[in-house]
Amino acid sequence: MSRTMMPETSTRGVPAPPAPSAAVTDEAPLTRWVLIGAAVAFLLLFLVLPLIAIFAEALRRGIAAYFASFADPDTQDAIRLTLLVAAIAVPLNVVFGIAAAWAVAKFDFAGKSLFVTFIDLPFSVSPVVSGLVFVLLFGAHGVFGGFLQAHDIRIIFAVPGIVLATIFVTFPFVARELIPLMQEQGTAEEEAALTLGASGFRMFLTVTLPNVKWALLYGVLLANARAMGEFGAVSVVSGHIRGLTNTMPLQVEILYNEYAFVGAFAVASLLAGLALVTLVAKALLEWRYGDALARTHRHG
Amino acid sequence: MEIRAEAITKRFGEATVLADVDVHVHAGELVALLGPSGSGKTTLLRIFAGLEQPSAGRILLGGEDATQVPVQARGVGFMFQHYALFRHLTVAENIAYGLKVRPRASRPSNAAIRARVTELLDLVQLPGLERRYPAQLSGGQRQRVALARALAVDPKVLLLDEPFGALDAQVRRDLRRWLRDIHERTGHTTLFVTHDQDEALEIADRVAILDQGRLEQIGTPDEIYEHPATAFVAGFIGEATRLPVEARGGVVRLGPHALALNGTRLADGPASLFVRPRDLVLADDGKANALPANVVAVRRAGPARRAELHLGEGLPTVEMELPADAVIGKGDVVQVALTRLRVFGG
């Protein structure tokens, strides 16, 4: 989840002071070109080439073969499941993210910094561990395994497990976007709304939410990209049952392992396309609403 | 509408921010809550508004106990220190907010709301700025919009938290008089918080002085200035210098000097003498209560000139306002007399 550093939008439009002939930060031309060249070469090799490779492989046997691979019922199920999982996980994380950010930004309570640290846990822990946690909790030999079996509830190797794992790994996105922004905005506007007669809910709808809407959208975008693309945690809890518990990333792996390269890369191209759309939307948001977002970009 | 705080105490955890404070604002009065930072003045204002709950005591609005009334139902107009304008709404939408959130039954029509916004913008002398956003306004303009927004809901009481705190000195002075004008025109019972004594003394009908959560004195600006009730008020108001003295048998000893108390009653023991620049005059030699003083420096303070005087070993220097024609320079020894003796025990 690398994030590009944003340009300082606040300085936009301010004319640059006349540059002295050799500023201390100027490099010799050779150094400059070597540095730029290295950066561009790296970008090409590790980002652009693989992206091109995905689409090239997907289209190797022509457009018809590319679209034919989406006719595969297992692939269709995988796409459907991925959309379903994202449709459940993302809204839940929006609710959680707003609640957590609200609690952190507007109230003081014991253990607040610990709470903020825990929000970041899914970022720092390996996705495989994230998946394993749920197996240990809800698997056949897990903590709640006996109870779940007795009541015939399937979580691991079923859709609920995938949803849980996805919620877990996308946990921080919305909250982390909102917390710094809400903290900076403080509670004065909310209090003003209350003194003017607004109810708590009305205040939330007319003051709090509009003030964070772009950061919220930004968080949703990132959470959605991750929810659809998550492999590790989902792989552990899924069980890889075709047509039932395979999401798109898992389907890519299965097809690839079966030497169905066109099918594998066709599905991969959808994920890559999602990434590109996310990237463009993110860039648009940053360009248009950079002022409201910039403050939230201290974290990696 | 008159408002009253009765025996208000507020504790945050261990810290007592307000201790047994009584403040009464008469209908139509403009009262200042004055005190240094940390004196609890903003907390008291927020308790009036219902933004904080007191730990003990009652708030009476118009004679009725409003302590348990939620902030939305108190009918107060609150202006926040940094104005807290809704940044995503235009000036007109900001002002209209309090009318638009009313339940359908009591909400004015859109046309009526628009008319009210226009009327208020005229009142605060900002016509034509309806479509601006708060970020496009100057500090003084924001303050006016915030006041218009608070007035829009026809509050029974206006509560202003450091209304001029975020403005520069020149704008502050202009807006002081303007606020006083608005007050006279609208007649709202108004309570405002400030740390600036000039501001409080200039525009308030009465001033309540708080220190460390206690009400030190409440009275008209003249009463506060001329008759400070406590040592804190005497030291806080009017650039006074505090000198340690010793009272014994109707006389206070100031370093090597003895000053007759002239009727002021004071228990024997250590006491504090408060001297303002205007309390000192040049005196002829040998006059009663005349003190010799060394001139440490002569400085200009706005229209007046002031001398810094050293009255004796171990005493802080005091300032004296000089007559325009006084020919006095650094290093001179002069005779000065105190026109009044502000002494408090302890």
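This section describes the chains, domains, cores and contacts of a predicted two-chain model.

Chain A is helical throughout its assigned secondary structure, with 13 helices and zero strands. The order of elements along its sequence is accordingly α-α-α-α-α-α-α-α-α-α-α-α-α. Of the 300 residues in chain A, 41% are buried. Among contacts in chain A with a separation of 6 or more, 75% are between residues 24 or more positions apart.

Chain B is divided by the domain assignment into domain 1 (3-231) and domain 2 (239-345). An unreviewed UniProt entry carries the annotation "domain: ABC transporter" for residues 3-237 of chain B. Over residues 3-237 of chain B, helix accounts for 36% of the chain and strand for 26%. The C-alpha atoms at the two ends of that stretch lie 26 Å apart.

The largest nonpolar core holds 46 residues, and the members touching the most others are Ile95(B), Leu147(B), Val207(B), Ile209(B) and Ile237(B). The greatest contribution to this core comes from helix H4 (residues 139-152) of chain B, which provides seven residues. With residues up to four places away in sequence left out, Ile95(B) touches Val117(B), Leu120(B), Leu121(B), Val145(B), Ala148(B), Arg149(B) and Ala152(B). A separate, second core comprises 41 residues, including Ile8(B), Val23(B), Leu44(B) and Leu191(B).

Leu44(B) is also one of the buried residues of helix H1(B). This helix spans residues 41-49 of chain B and is mostly covered, with eight of its nine residues buried. Besides Leu44(B), the buried residues of H1(B) are Lys41(B), Thr43(B), Leu45(B), Arg46(B), Ile47(B), Phe48(B) and Ala49(B). Gly50(B), just after H1(B), adopts a positive phi of about 90°.

The two domains of chain B have centres separated by 40 Å, taken over C-alpha atoms. Seven residues of domain 1 of chain B and five residues of domain 2 of chain B take part in the contact between them. About 550 Å² is buried between domain 1 of chain B and domain 2 of chain B, and 47% of this area is on carbon and sulfur atoms. On the domain 1 side, Tyr225(B), Pro228(B) and Ala231(B) account for 66% of the area buried against domain 2 of chain B, more than any other three residues. One salt bridge is counted between the two domains of chain B. A salt bridge also described for chain B joins the side chains of Glu226(B) and Arg340(B), with an N to O distance of 3.1 Å.

Between the chains, the contact involves 19 residues from chain A and 19 residues from chain B. Chain A and chain B bury about 1,700 Å² between them, with 58% of the area on carbon and sulfur atoms. Glu189(A), Thr195(A) and Leu196(A) supply 39% of the area that chain A buries against chain B, a share exceeding that of any other three residues. Two salt bridges are counted between chain A and chain B. In a salt bridge between Glu189(A) and Arg87(B), the closest N and O atoms are 2.7 Å apart. Glu189(A) thus appears both among the three residues named for buried area and as a salt-bridge partner of Arg87(B).

Note on methods. Residues are numbered from 1 along each chain as its sequence is written. Chains are lettered from A and ligands numbered from 1 in the order in which they are written. This is a predicted model: local features need pLDDT of at least 70, side-chain atom pairs count only at pLDDT 80 or more; totals for chains, interfaces and linings use all residues. Side-chain values use heavy atoms; hydrogens and water are left out. A nonpolar core is a set of buried Ala, Val, Leu, Ile, Met, Phe, Trp, Tyr and Cys residues joined through side-chain atoms within 4.5 Å. Buried means under 20% relative accessible area, exposed over 50%, partly exposed in between (1.4 Å probe, protein chains only). Helices (H or I, at least four residues) and strands (E, at least two) are DSSP runs, numbered from the N terminus. Contact means heavy atoms within 4.5 Å. UniProt positions are given in the numbering used here, feature names are shortened, and annotations may be inferred rather than shown by experiment. Domain bounds come from an automatic or database domain assignment. Buried area is the accessible area (1.4 Å probe) that two parts lose on being put together, summed over both. A salt bridge is a side-chain nitrogen of Lys or Arg within 4 Å of a carboxyl oxygen of Asp or Glu.
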